[in-house]
Amino acid sequence: MEAIIMQVQSFLIVALMLVGILFRKRRSLHVKIMSIAMIWDVILILQIELSRSAILKASNAVSNALILNIHVSIAVSTVLLYGYMVYSGRAMLSGKVHFRKNHRIMGYTTFFMRIMTFVTSFWAVVPKE
Ligand code: HEM
């Protein structure tokens with residue numbers, strides 16, 4: 001049950017990020033939406049970490065070690081990319097316009113990685129037979 005609540009939040013974060021990208025030309029709205037999405041994502045990771053044993057008990061799940069490692073690696077990379085997005089986004093706001101191309105490329109990369117985090121979360125927890 002808890003796993004589903006986490007995955008619903010994960011989906012909503014991906015959807016919010018898509019909305020933020022669609023509003024990329026409206027700077028202050030873009031910054032607000034992306035900030036909320038990234039903060040919510042960090043809160044989601046904390047929820048998962050704090051209730052890991054609860055998830056395993058509740059869903060009676062076994063984790064596939066390899067796919068779980070892949071999932072966690074993608075998720076950690078995504079959060080590291082958030083750091084770069086904040087850095088390059090703030091740089092642009094302070095007038096360093098040459099960050100724009102990097103911000104765009106890394107932005108779409110970050111979004112792709114976040115989708116992969118969502119997709120692999122379904123493989124990471126496999127119901128016990
Ligand atoms: C995961 C988070 C983020 C993603 C995926 C993302 C993605 C993007 C994308 C795709 C663009 C369009 C670039 C272009 O077409 O040239 C853009 C523009 C921009 N972003 Fe972000 N962004 C994120 C976070 C942020 C943050 C945190 C800030 C500021 C603190 C920021 C500030 C900006 C600014 C100032 C622009 C230029 C808007 C304009 O065209 O005037 N972004 N972003």
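**Close-up views of a predicted helical protein model**

**View 1. Helix α4 from end to end.** With 29 residues, α4 reaches 42 Å from its first C-alpha to its last, close to the 42 Å expected at 1.5 Å a residue. Keep in mind while you look around that this is a predicted model. Six names are worth finding along this helix: H71, A75, T78, Y82, S88 and G89 are the buried residues of α4. The cover over these buried residues includes α2 and α5. Just after α4 you will meet G95, which takes a positive phi of about 100 degrees.

**View 2. The whole chain, for orientation.** Here is a step back to see where α4 belongs. The protein has five helices and two strands, and reading along the sequence gives the pattern α-α-α-β-α-α-β. Of its 129 residues, 17% count as buried. Among contacts in the protein with a separation of 6 or more, 73% come from residues 24 or more positions apart.

**View 3. Helix α2 and its buried residues.** The 24 residues of α2 should span 34 Å at 1.5 Å a residue, and the end C-alpha atoms of α2 are 35 Å apart, which agrees. On this helix, look for I33, M34, A37, M38 and D41, which are buried. Helices α1 and α4 are among what covers the buried residues of α2. One of those buried residues, I33, is in contact with L16, V19, G20 and F23, leaving aside its neighbours within four places in sequence.

**View 4. The largest nonpolar core.** Seven residues in all make up this core: I13, M17, I33, M34, A37, M38 and Y82. The elements that give two or more residues to the core are α1 (2–22) and α2. Helix α2 gives the most, with four residues. Y82, also part of this core, may be familiar from the first view as a buried residue of α4.

**View 5. Helix α5 and its buried residues.** At 1.5 Å a residue, the 25 residues of α5 should span 36 Å; the end C-alpha atoms of this helix are 35 Å apart, which agrees. Follow α5 and pick out G107, T110, R114, T117, S121 and A124, which are buried.

**View 6. A closer look at T117.** This residue has its place in helix α5. Why does T117 count as buried? T117 is buried because 24 other C-beta atoms lie within 10 Å, and 20 or more are enough for a residue to be called buried. Leaving aside neighbours within four places in sequence, T117 is in contact with H71, I74, A75 and T78. Of these contacts, H71, A75 and T78 are buried residues of α4. S10 is another residue to find here: T117 and S10 are 107 residues apart in sequence and 8.7 Å apart in space, C-alpha to C-alpha.

**View 7. The surroundings of the ligand.** Which residues come nearest to the ligand? Of the 23 residues around the ligand, those that come nearest are R24, M34, G89, R104 and G107. The elements that give two or more residues to this shell are α2 (27–50), α4 (65–93) and α5 (100–124). By class, the shell has eleven nonpolar, six polar and six charged residues. Some names return from earlier views: M34 is buried in α2, G89 is buried in α4 and G107 is buried in α5.

Key. Residues are numbered from 1 along each chain as its sequence is written. This is a predicted model: local features need pLDDT of at least 70, side-chain atom pairs count only at pLDDT 80 or more; totals for chains, interfaces and linings use all residues. A residue is near a molecule or strand if its C-beta atom, placed from the backbone, lies within 6 Å of it. Ala, Val, Leu, Ile, Met, Phe, Trp, Tyr, Cys and Pro count as nonpolar, Asp, Glu, Lys and Arg as charged, and the others, Gly among them, as polar. A residue is buried if 20 or more other C-beta atoms lie within 10 Å of its own, exposed if 12 or fewer, and partly exposed in between; C-beta atoms are placed from the backbone. Two residues are in contact if their C-beta atoms, placed from the backbone, lie within 7 Å. The expected span of a helix is 1.5 Å times one less than its number of residues. A nonpolar core is a set of buried Ala, Val, Leu, Ile, Met, Phe, Trp, Tyr and Cys residues joined through C-beta atoms within 7 Å.
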